[in-house]
Amino acid sequence: MTSILNTVSSIHASRVSSVGALSLRNPVSVEFTRRRSVWSTSESESSGRRFVVRAAETDTDKVKSQVPDKAPAAGGGSSINQLLGIKGAAQETNKWKIRLQLTKPVTWPPLVWGVVCGAAASGNFHWTPEDVAKSILCMMMSGPCLTGYTQTINDWYDREIDAINEPYRPIPSGAISEQEVITQVWVLLLGGLGIAGVLDVWAGHTTPTLFYLALGGSLLSYIYSAPPLKLKQNGWVGNFALGASYISLPWWAGQALFGTLTPNVVVLTLLYSIAGLGIAIVNDFKSVEGDRAMGLQSLPVAFGTEAAKWICVSAIDVTQLSVAGYLLASGKPYYALALLALIIPQIVFQFKYFLKDPVKYDVKYQASAQPFLVLGIFVTALASSH
């Protein structure tokens with residue numbers, strides 16, 4: 001783990017039983033600080049043990065006053081937020097609820113919807129029990145399994161940043177152990193890949209297309225979060241990779257399950273991933289201080305919040321307008337008009353919420369504007385099927 005060390009302070013304590021009284025200049029949490037500190041025994045006595053704690057100082061003291069040191073008090077957070085994996089969550093001790101929180105269920109719907117769009121674009125989906133069962137299994141692969149894997153591994157490699165921005169999250173707060181996190185990562189990854197293999201057999205594929213897509217998406221998720229590549233260090237590359245993961249990959253999976261991927265669909269979905277880049281930027285604003293302290297060049301860090309919020313809405317709007325133009329040029333004017341009609345409310349909510357304050361209104365903006373975005377993707381999928 002890379003540390004950004006500036007100075008080192010020594011703190012002396014006289015008795016192991018008084019650990020709770022230790023005073024660190026940067027106490028994110030006792031458990032997390034111990035992992036990042038160098039503990040050395042300097043002297044033993046018959047009446048007790050004396051030791052020196054050498055705690056690594058970081059740039060976190062520049063931002064410490066802006067973030068809480070600990071989780072919200074019991075009853076101070078929301079149980080629903082905890083289960084969905086979003087900020088404002090209540091503290092929880094039940095390990096299964098904590099595991100669910102790490103997978104961030106609030107992020108599953110776009111992946112599930114992507115499968116629906118791919119199935120619609122194939123033109124071969126029928127409302128039969130078999131096709132419905134296939135699609136549900138594909139949604140489980142894309143949502144709970146592989147998205148859950150992605151979110152868990154991202155939280156693991158972001159634990160130092162979260163210790164600055166959200167120290168009460170499960171990993172930096174010590175609510176879940178390192179071994180439990182690693183076990184969860186492997187279970188979700190192998191579960192997703194296993195489902196992909198089953199779907200390939202069920203669909204009668206001679207080439208395991210879905211398995212390859214799942215494997216490729218899992219690798220992309222890993223290099224997005226993990227060193228040495230850690231794509232998220234670069235705002236442009238990282239956010240486009242995230243957008244492709246949320247839009248292109250589930251669409252391709254749904255279409256490959258019921259039909260055949262074509263070059264036109266691949267290009268169209270990758271174009272839509274630029275809109276996904278804009279969506280990914282929305283989540284960067286709340287992490288500016290931690291990203292800056294850890295040297296991550298997210299777009300709000302690189303360009304400042306004012307410029308970044310305009311880059312964000314431009315990526316979303318220009319992409320959709322370009323797709324509408326493509327549909328119009330392809331002789332599908334009604335689909336183009338439907339897409340334009342869905343872009344208008346998104347722009348309204350951008351000015352009402354996001355452009356006013358991207359941190360304060362991020363949840364309201366996403367809840368109000370993104371349904372129109374995903375409906376626009378579905379319109380595009382229907383247009384592709386004709």
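**Exercise 1. The pocket and the domains**

Task: Work out which domains supply the lining of the largest pocket in this predicted model, and how many residues at least each one gives.

Solution. Start with the domain bounds: domain 1 covers 80–259 and domain 2 covers 262–385. Now sort the lining by domain, and you'll find at least three residues from each of the two. Next, look at the space itself, which comes to about 1400 Å³. The lining has 49 residues, and those closest to the pocket's centre are T107, Q151, Y246, N283 and Q366.

**Exercise 2. Helices around the pocket**

Task: Find which element gives the largest share of the lining of the largest pocket.

Solution. First list the elements that give two or more residues: α4 (108–122), α5 (129–157), α6 (159–165), α10 (235–258), α11 (263–282) and α16 (362–385). Then pick out the top contributor, which is α16 with nine residues. Finally, check the chemistry of the lining: 19 residues are nonpolar, 18 are polar and twelve are charged.

**Exercise 3. A closer look at Q151**

Task: Decide whether Q151 is buried or exposed.

Solution. Place the residue first: Q151 sits in helix α5. Its relative accessible area is 9%. The cut-off for buried is under 20%, so Q151, at 9%, is buried. Who are its partners? Skip the neighbours within four places in sequence, and Q151 is in contact with L102, T103, K104, T107 and Y246.

**Exercise 4. The closed spaces**

Task: Say how many cavities of 30 Å³ or more there are, and which helix gives the most to the lining of the largest cavity.

Solution. The count comes to seven cavities. The largest cavity has a volume of about 260 Å³. It is lined by 17 residues, with L111, L146, G217, S245 and L249 closest to the centre. Helices α5, α9 (209–225) and α10 each supply at least two lining residues, and α9 gives the most, with six. By type, the lining has ten nonpolar residues, seven polar ones and no charged ones.

**Exercise 5. The nonpolar core**

Task: Explain why the largest nonpolar core lies between the two domains.

Solution. Begin with the core's members: there are 60, and M141, W251, Y272, F354 and Y365 touch the most other members. Now use the domain bounds. Domain 1 (80–259) and domain 2 (262–385) both give residues to this core, so the core lies between them. Take Y365 as an example: beyond its neighbours within four places in sequence, Y365 is in contact with V282, I316, Q346, F349, Q350, Y353, F354 and Q370. Apart from this core lies another one, of six residues, including I98, W156, I171 and I176.

**Exercise 6. Spotting odd backbone angles**

Task: Find which peptide bond is cis, and where K104 and K230, with their positive phi values, are placed.

Solution. Here's the background: most residues other than glycine have a negative phi, and most peptide bonds are trans. The cis bond joins P227 and P228, with omega about 10 degrees. P228 belongs to the loop between α9 and α10.

K230 is in the loop between α9 and α10 too, and its phi is near 40 degrees. K104 has phi near 50 degrees and lies in the loop between α3 (95–103) and α4. As a last step, test for burial with the same cut-off, under 20%. K104 counts as buried at 13% relative accessibility, and K230 counts as buried at 10%.

How values were computed
Residues are numbered from 1 along each chain as its sequence is written. This is a predicted model: local features need pLDDT of at least 70, side-chain atom pairs count only at pLDDT 80 or more; totals for chains, interfaces and linings use all residues. Side-chain values use heavy atoms; hydrogens and water are left out. A nonpolar core is a set of buried Ala, Val, Leu, Ile, Met, Phe, Trp, Tyr and Cys residues joined through side-chain atoms within 4.5 Å. Buried means under 20% relative accessible area, exposed over 50%, partly exposed in between (1.4 Å probe, protein chains only). Domain bounds come from an automatic or database domain assignment. Contact means heavy atoms within 4.5 Å. On a 1 Å grid over the protein atoms alone, a cavity is a set of points where a 1.4 Å probe fits but cannot get out, and a pocket is an open set with protein on both sides within 12 Å along at least five of seven lines; lining residues have an atom within 4 Å of a point. Grid points are joined across faces, edges and corners, and a volume is the space filled by probe spheres set on the points. Helices (H or I, at least four residues) and strands (E, at least two) are DSSP runs, numbered from the N terminus. Ala, Val, Leu, Ile, Met, Phe, Trp, Tyr, Cys and Pro count as nonpolar, Asp, Glu, Lys and Arg as charged, and the others, Gly among them, as polar.
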